[in-house]
Amino acid sequence: MDSQYLAQLNESQRAAATHLDGPLLVVAGPGSGKTRVITCRIAHMIASGISPANIIALTFTNKAAQEMRSRLEQLVGPSQVWLGTFHGFCVRLLRRYARLVGLPEHFNIYDADDALALLKEAVKASDFELTHAPIGVLANRISYFKNRLVTPEILESATLSSDEYQVGQVYPFYQQALLRCGAVDFDDILMHTATLLRSNQELRQQLDERFRYVLVDEYQDTNLAQYVIVRHLCVDHPNLAATGDPDQSIYGWRGANVKNVAHLERDYPDLTVVRLQDNYRSTPEILTIADCLIQNNENRKPKELLAARQPGNPVRLAIYPTARAEAEDVADQIVALTEQGDFHPKDFGILYRTNAHSRLIEHALLRRQIEYQLIGGFRFFLRKEIKDLLAYLLLVHNPEDGIALQRAINTPPRGIGKKTVEQIASYAGKHGLSLLDACRQCVQFAMLSKRATTSLKSFLSIYDQLCSIVHGPLLDLLQVTIELTGYREHLSKQKTSGEESSDIATNLDELLAEASELDREVREDQSALEYFLEVAALQADTDKLKSDRNVVTLMTLHAAKGLEFSCVYVLAVEENILPHARSKEDSQQLEEERRLLFVGITRAKDQLQLSYAKSRGFSGQGSGVPSSFLMELPRSEMQILDKTESSYDEYHDDDSQDQYFDRRPVEWDEVSQVGPEEQGDLAVQFDEDCQLPPEEITASMRKRLGRSASGRAILRVGSDFEASPPRMNMALFQKGCLVSHPEFGSGEITATSGHGPKKSATIRFFSSGDSRTFRLSHVSLTIEHPE
DNA sequence: ACTCGTAGCCTTTTT
DNA sequence: GGCTACGAGT
């Protein structure tokens, strides 16, 4: 029975899965069967007599938790194992022990919008001018503080750089405001929990005892707060099993600290480390590319990716004239591949750096009537109509919630304007009242205009009626809210196009459906309302991703972590986009960007295309410069699809959807030889006479990057190693040399560094004036002899 | 108090 | 290209 599922595991997987007591670190490369190991391990633990109630497994996303739960259920059926996200777990704890950290039990959870609104108020209240930092930056800084457990109190006694000074001034005000509203933001959820565990020994011991076996997934993405939480749960029972991959650490900007992985060895000297290096997901071609890329990270322990699969297709690097062409071609490819019947829509994942990049590809897919699901962007619960209604529920749940009140008080518009709210707020401030109580007193003492008083009365009456049914079914509560507020009438009055209003109606229905579903699944000891609000606050959009829908998936690289697709397209691999412009100053951040691309690449099972466009529609960004990461990839191992020199208009004519076929005259297997007309074009000139020390020659030099005169797509595969490997004298590339780069044109070498296969040259290009550094073994340079 | 128009601002990535 | 915040008009 035990052996049934253990037998499916390889040796190291089994070692990890059968480890019971004591600290364990599983370093699991992409596609190495990590989730399977975790679920098998839990199953094994239960089979070995460990009570499921003593086991907790923490993930970052609900999606990951669900995946794990369903796979565990396949093995052992429903169990009492605590399986959930960090945030979900922490909220549960905080609900129970709210008072220990100074929170009301019915605290509300603020999403980014609410938190930002509150921060704005706090900034106003603090009387500091924000001439320099935009509010968003401020919010990020505060978030960063919180993730590192820097409380306002600590901040007081700290010396701040001028950069941090402003944040230091505003942060305490913001935190006070949250407290007054009886609310927490996302970061508070972790920070308060860490505080709770740190300052309550007894409770800590209790929980340590209760959760004797702790599993943490994606450990490389834990921040200090999460580290502290986990650490405090694993003192008396140090049975912590962390799984992760430092190469997939992509949340440093959110305070995640890869060093937490290394700290495990410090904290637990008897740590058992298991490495899962066999990759069952991707073809060797894809893994080679991934490996070449990630090796460029200096700050990294070498790690191998061992391909378990048979060779497949080469990875493709596609170059497009415009972002539009990129989108259209990718869509064409998907049409072609699905029509051939080899792939289904659900096999495709289209990944990009920022949400904004989804637009063009969405258009392209829409026009071809390819169904897709877009992950990220705006979440369901962030929609205006949803938030409007939720504001009432939040207020009913927690009367202190000033942000919710301000949203609800005049939606739908009932004549309570800014001015009135200001008066109420100032009255509340003076008397130390919540906004809601201030409202009541203002009505009672008739302190406002008659009109405002009447409106306020009706608002308060709605509120009171809702409160009276708060313990009933959630569905009723929502429906009564809609009725009493006249929300539907309000919507129909709005001048929205038919399409939009039907969208909104659908959203409302969906909300009601969700509510009635929660009514059914809510546990006895829990308030349906509270549960609902938690779900609304903590459910990310990625969680709604449904792998059973047979549609193409679009999402950011971040959201793609943990997923896999047969065919992956990574769009806009361009300088200032994939190494994002804002991450280039700092080498740490740059490496994180590299890991991000690594994550993208390793999502692919069978086919992978990386692409960039020479021009990308809107202003400034991504001026068509390929990502420096692409320079780190061996062209010899890739297929180049260059669509830049063809006439895009011609290609783009309406009924030209077969263009993709037309322009792939060369099949995968036929591409080893170079046509005669192209030989003169060979990008690399070889000096046959020159004797080289062997280390000056690398396999990667045996490459050919070709492009036909007509500019038609030329496919090259560098597997023809036997075909007289040409030798190039790297010594020829010296400072002052004039060279030509296949993608950037002519330039001058301004510096060289390194030796042997690592030798690289810095080139200043004449056209752009930019300097870039290339590893010579990875780039095809032509030496230009000035005649 | 609300609606409509425009100018300036953006733009990472997410629980 | 898209949204938001702010301002003038009703």
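Tyr 251 sits at 15% relative accessibility in this predicted model, so it counts as buried, the cut-off for that label being under 20%. Its ring has company: Tyr 251 and Trp 253 make up an aromatic pair, with 5.6 Å from centre to centre. The two planes are 45° apart, and the pair is classed as tilted. Trp 253 also has a charged residue over its face, namely Arg 254, at 6.0 Å from the ring centre.

Aromatic contacts turn up elsewhere too. The structure holds 9 aromatic pairs, and Trp 82, Phe 89 and Phe 211 come together as one aromatic cluster. Another arginine placed over a ring is Arg 95, which lies over the face of Phe 107 at 4.1 Å from the ring centre.

Turning to the strands, an open sheet is built from 7 of them, and the pairing is parallel. Read across the sheet, the order goes 13-14-12-15-16-11-17. Strand 13 (372–374) and strand 17 (638–642) are the edge strands, each pairing on one side only. From one strand to the next, the twist averages 20°.

Within this sheet, strand 12 (residues 348–352) and strand 14 (residues 552–556) run parallel and are joined by 4 bridges. As for single residues, Leu 351 has Met 555 of strand 14 as its bridge partner. Strand 12 also has a helix lying across it: helix 26 (residues 587–601), which lies across strand 15 (565–570) and strand 16 (604–615) as well. The helix runs at about 130° to strand 16.

Note on methods
Residues are numbered from 1 along each chain as its sequence is written. Chains are lettered from A and ligands numbered from 1 in the order in which they are written. This is a predicted model: local features need pLDDT of at least 70, side-chain atom pairs count only at pLDDT 80 or more; totals for chains, interfaces and linings use all residues. Side-chain values use heavy atoms; hydrogens and water are left out. Rings of Phe, Tyr and Trp (its six-membered ring) pair if their centres lie within 6.5 Å; planes under 30 degrees apart count as stacked, over 60 as edge-to-face and the rest as tilted. Buried means under 20% relative accessible area, exposed over 50%, partly exposed in between (1.4 Å probe, protein chains only). A charge sits over a ring if NZ of Lys or CZ of Arg is within 6 Å of the ring centre and within 35 degrees of the ring normal. Two strands pair if DSSP finds at least two bridges between them. Helices (H or I, at least four residues) and strands (E, at least two) are DSSP runs, numbered from the N terminus. Axes are lines fitted to C-alpha atoms, for helices over the stretch in contact, and angles run from 0 to 180 degrees between N-to-C directions. Contact means heavy atoms within 4.5 Å.
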